[in-house]
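Reader: I spend my days at the bench and would like to learn how to read a structure. Could we go through one together?
Author: Gladly; here it is.
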Amino acid sequence: MYIFGGVPIPRSLPAAAAAIGYRHFVLKTPAHNSGPFWRIKGNRSRSLRLMASISTVPEVPKPWLLVGLGNPGKRYVGTRHNVGFELVDFIAEAEGIAMGGVSFKSSFGKGFIGDFPVMLAKPQTFMNASGESVGAIVSYYKIPLKQVLVILDDMDLPFGKLRLLPKGGHAGHNGMRSIMSHFKGSQDFPRLRIGIGRPPGKMDPVNFVLRPFNREEAEELEFTFQNGLKAVRILVQENFNKAATFVNTSAKSLEKL
């Protein structure tokens with residue numbers, strides 16, 4: 001072989017060699033090969049590391065799928081059940097991701113958070129059939145379930161409070177129930193729950209979740225969405241544990257106020 005350490009490198013790859021520390025190259029054409037090769041002055045183990053780095057094609061990272069749950073149509077805009085839609089819209093605006101197209105029965109957009117690819121989806125199937133859309137996206141793009149974040153409303157959380165969980169049941173939420181059924185019953189995907197509070201008095205929960213937020217509540221949600229955006233950025237760019245710590249710390253701070 002014609003590289004010190006026994007590893008040949010084509011003419012086109014001196015830059016790759018330099019990238020991991022090689023600085024001296026000698027062009028030589030071996031007798032049994034008509035093409036030139038770069039001879040690298042180094043040791044055998046370094047040469048082997050170089051070949052490993054240039055022979056392995058970097059794996060393209062799978063995108064995160066961020067799904068907000070809600071109901072389509074003007075009738076439901078601003079209602080409690082659509083708070084997942086609203087947070088996805090907030091994320092899209094903050095990150096400059098267009099959500100104009102419709103794909104897989106979802107209002108759909110692709111972009112980046114930092115250097116990490118993401119997809120944003122708001123299923124247009126109505127809440128109880130959300131899984132039809134989410135399941136199709138996950139299947140088509142082969143997205144690992146651990147990189148599917150579902151954002152939804154939760155009556156069991158105080159208004160405006162966030163809770164980020166790594167997995168769990170549907171807790172009676174029909175949108176989550178539908179998604180799980182299209183994930184073959186799997187519960188192993190993260191979810192960001194947004195507290196909408198309990199219905200007052202004896203109000204029917206169905207009527208409560210379809211009520212719009214009042215002005216004071218809408219203003220408070222701005223703060224919640226800011227924290228939700230920060231949590232999603234940490235989740236996508238770093239990891240789940242750091243994002244969960246941020247969400248839980250923020251929630252505890254609010255409880256002390």
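Reader: Let me start with a pair of helices: is the crossing of helix 3 and helix 7 left-handed or right-handed?
Author: The crossing of helix 3 and helix 7 is right-handed. Please keep in mind that this is a predicted model. The two axes come within 10 Å and cross at roughly 65°.

Reader: Which residues in helix 3 meet helix 7?
Author: From helix 3 come Val83, Glu86, Leu87, Phe90, Ile91, Ala94 and Glu95. On the helix 7 side you will find Leu221, Glu222, Phe225, Gln226, Gly228, Leu229, Val232 and Arg233. Sorted by class, this contact has nine nonpolar, two polar and four charged residues.

Reader: What else does helix 3 lie across?
Author: Helix 3, residues 83–95, lies across five strands, namely strand 4, strand 6, strand 7, strand 8 and strand 10. Its direction is at about 145° to strand 7.

Reader: Those strands make me curious about the sheet. In what order do its strands sit?
Author: To read a sheet, walk across it from one edge to the other. Here the order is 5-6-7-4-8-10-9, in an open sheet of seven strands with mixed pairing. The edges are strand 5 (101–103) and strand 9 (162–165), each pairing on one side only. From one strand to the next, the twist averages 30°.

Reader: At the strand 5 edge, how many bridges join strand 5 to strand 6?
Author: Three bridges join them, and the two strands run antiparallel. To find one of these on your screen, look for Ser103, whose bridge partner in strand 6 is Ser106.

Reader: Now helix 5, please. Which of its residues are buried?
Author: In helix 5 (residues 174–182), the buried residues are Gly175, Met176, Ser178, Ile179 and Met180. Their cover includes helix 4 (130–141), strand 8 and strand 10. Just after helix 5 comes Lys184, with a positive phi near 60°.

Reader: Salt bridges are familiar ground for me. How many does the structure hold?
Author: The general idea is that side chains of opposite charge can pair when their charged atoms come close. This structure holds seven salt bridges. One of them pairs Glu217 with Arg80, and their closest N and O atoms are 2.9 Å apart.

Reader: Why does the pair of Glu217 and Arg80 tie together parts that are apart in sequence?
Author: Look at where each partner sits: Glu217 lies in helix 7 and Arg80 in the loop between strand 4 and helix 3, so the pair ties together parts that are 137 residues apart in sequence. Both Glu217 and Arg80 are buried.

Reader: Which residue forms a salt bridge with Arg193?
Author: The partner of Arg193 is Asp154, with the closest N and O atoms 3.6 Å apart. Arg193 is in strand 10 and Asp154 in strand 8, so to trace this link you cross 39 residues of the chain. Both Arg193 and Asp154 are buried.

Reader: And is Lys242 buried or partly exposed?
Author: Lys242 is partly exposed, with a relative accessible area of 45%. Its salt bridge is with Glu238, the closest N and O atoms being 2.9 Å apart. Glu238 also counts as partly exposed, at 45% relative accessibility.

Reader: To finish, how many helices and strands does the protein chain have?
Author: The protein chain has eight helices and ten strands. Of its 257 residues, 46% are buried. Among contacts with a separation of 6 or more, residues 24 or more positions apart account for 66%.

Definitions and conventions
Residues are numbered from 1 along each chain as its sequence is written. This is a predicted model: local features need pLDDT of at least 70, side-chain atom pairs count only at pLDDT 80 or more; totals for chains, interfaces and linings use all residues. Side-chain values use heavy atoms; hydrogens and water are left out. Two strands pair if DSSP finds at least two bridges between them. Helices (H or I, at least four residues) and strands (E, at least two) are DSSP runs, numbered from the N terminus. Axes are lines fitted to C-alpha atoms, for helices over the stretch in contact, and angles run from 0 to 180 degrees between N-to-C directions. Contact means heavy atoms within 4.5 Å. Buried means under 20% relative accessible area, exposed over 50%, partly exposed in between (1.4 Å probe, protein chains only). A crossing is left-handed if the near helix is turned anticlockwise from the far one by less than a right angle, and right-handed if clockwise. Ala, Val, Leu, Ile, Met, Phe, Trp, Tyr, Cys and Pro count as nonpolar, Asp, Glu, Lys and Arg as charged, and the others, Gly among them, as polar. A salt bridge is a side-chain nitrogen of Lys or Arg within 4 Å of a carboxyl oxygen of Asp or Glu.
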